[in-house]
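Trainee: I should like to take a close look at one residue and the parts around it. Please explain each term as you use it.

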Amino acid sequence: MRVVMFGYQTWGHRTLQALLESEHEVVLVVTHPKSDHAYEKIWSDSVADLAEEHGVPVVLRNRPDDELLVRLKEADPDLIVANNWRTWIPPEIFDLPRHGTLNVHDSLLPKFAGFSPIIWALIAGESEVGVTAHMMDEELDAGDIVLQRAVPIGPDDTATDLFHRTVDLIGPIVKESLDLIASGEAKLTPQDRTKASFFHKRSIEDSAIDWTWPAEDLERFVRAQSDPYPNAFTHYRGERVRVLKASVSKGVYGGTPGRVFIPEGDGVVIVAGAEARRGRSHGLVVERVRTEDGKDLPARELFRTMGGYLTDRP
């Protein structure tokens, strides 16, 4: 088949690599220009560079336009494959190829459609994440499923761990999906829209710790924002502090959420949870932090005296 690829960052790079290694012909690649957005500067393997290394024409666009539509018609694709394309693709493009457009998304659709699905899934307490290849339609991430693969979330997994496991699924899923489509053997499964959820693009504000959350949720919140992602953060004595490692306290502590309370284990307990005032909540043991000047240190070196509060603003 003649294939056009829409994609960006490492997800798009892995998709293009799989296409180049397949028996299909990649006739055009469409990707975004480089961005300074915090979440787009990581996992930033260049789709454009890979295409150019293999002599594949490249078009840079933030979003589709009339000129791109002309280029696509000239390319005459049998299929478009998209992965991590960040803006809407209109019907005149996704319906253009003979076999339509295959989108590859790093969640177990219909859950966690939209942006940053691994981070949101870990925050939400899901038991697994995965990758879905589905046919594109007018509703974002809602088309019929071709293939889906899952990986479990372990009790200590970070978003970085889950990124590496899911990104390794992209190549096999892309190759198998294309073979099924080319042979006419693809069995399309409609998504159960009653189970759908859609998440927005993350911003720095989404990393701020809310100490009224239960400690169990906050521990996942920290793991969901592991390096190189922007870390979960709070403020202490007017300075921003990033929390790199934390655990749920063994003891149950009462008081006001955000209170720097007592040493436990390798860290310092911060009172957490909406029910903390009733003395029914575990705290969050903050074990390792990063200060505003970029220094990583044990939490006990920062919280040398107990007392005071961690807040969402300076």
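Trainee: Where along the chain is the place of Arg202?

Mentor: Arg202 belongs to the loop between β9 (198-199) and α7. Such labels come from DSSP runs numbered from the N terminus: helices are H or I over at least four residues, and strands are E over at least two. Please keep in mind that this is a predicted model, in which local features need pLDDT of at least 70 and side-chain atom pairs count only at pLDDT 80 or more, while totals for chains, interfaces and linings use all residues. Residues are numbered from 1 along each chain as its sequence is written, and side-chain values use heavy atoms, with hydrogens and water left out.

Arg202 counts as buried because its relative accessibility is 1%; buried means under 20% relative accessible area, exposed over 50%, and partly exposed in between, with a 1.4 Å probe and protein chains only. Apart from neighbours within four places in sequence, Arg202 is in contact with His37, Tyr39, Ser116, Ile119, Trp120, Ile123, Ser207 and Gln225, where contact means heavy atoms within 4.5 Å. By comparison, the C-alpha atoms of Arg202 and Leu69 lie 30 Å apart in space, with their positions 133 residues apart in sequence.

Ile119, Trp120 and Ile123, among the contacts of Arg202, are also among the buried residues of α5. In that helix, 7 of the 8 residues are buried. The cover over them includes β5 (101-105), β6 (113-114), β7 (128-135), α6, β9 and α7. Just after α5, Gly125 has a positive phi of about 85 degrees.

How, then, are α5 and α7 arranged? Two packed helices are described by the angle between their axes and the distance between the axes. Axes are lines fitted to C-alpha atoms, for helices over the stretch in contact, and angles run from 0 to 180 degrees between N-to-C directions. The axes of α5 (residues 117-124) and α7 (residues 215-223) come within 8 Å and cross at roughly 160 degrees. The two helices, α5 and α7, are therefore roughly antiparallel; angles under 35 degrees count as roughly parallel, over 145 as roughly antiparallel, 65 to 115 as roughly perpendicular and the rest as oblique. Their crossing is right-handed, that is, the near helix is turned clockwise from the far one by less than a right angle, whereas anticlockwise would be left-handed. Leu122, Ile123 and Ala124 of α5 meet Arg220, Phe221 and Arg223 of α7. By class, this contact has 4 nonpolar, no polar and 2 charged residues. Here Ala, Val, Leu, Ile, Met, Phe, Trp, Tyr, Cys and Pro count as nonpolar, Asp, Glu, Lys and Arg as charged, and the others, Gly among them, as polar.

Tyr39, another contact of Arg202, leads to the aromatic rings. Ring pairs join Tyr39 with Trp11, Trp43, Phe163 and Tyr229 in a cluster. Rings of Phe, Tyr and Trp (its six-membered ring) pair if their centres lie within 6.5 Å; planes under 30 degrees apart count as stacked, over 60 as edge-to-face and the rest as tilted. The count of aromatic pairs is 10. Trp43 and Phe163 are stacked, because their ring centres are 3.8 Å apart and their planes lie at 15 degrees. Trp43 is in the loop between β2 (25-31) and α2 (47-53), and Phe163, 120 residues away, is in α6 (residues 159-183). Both Trp43 and Phe163 are buried.
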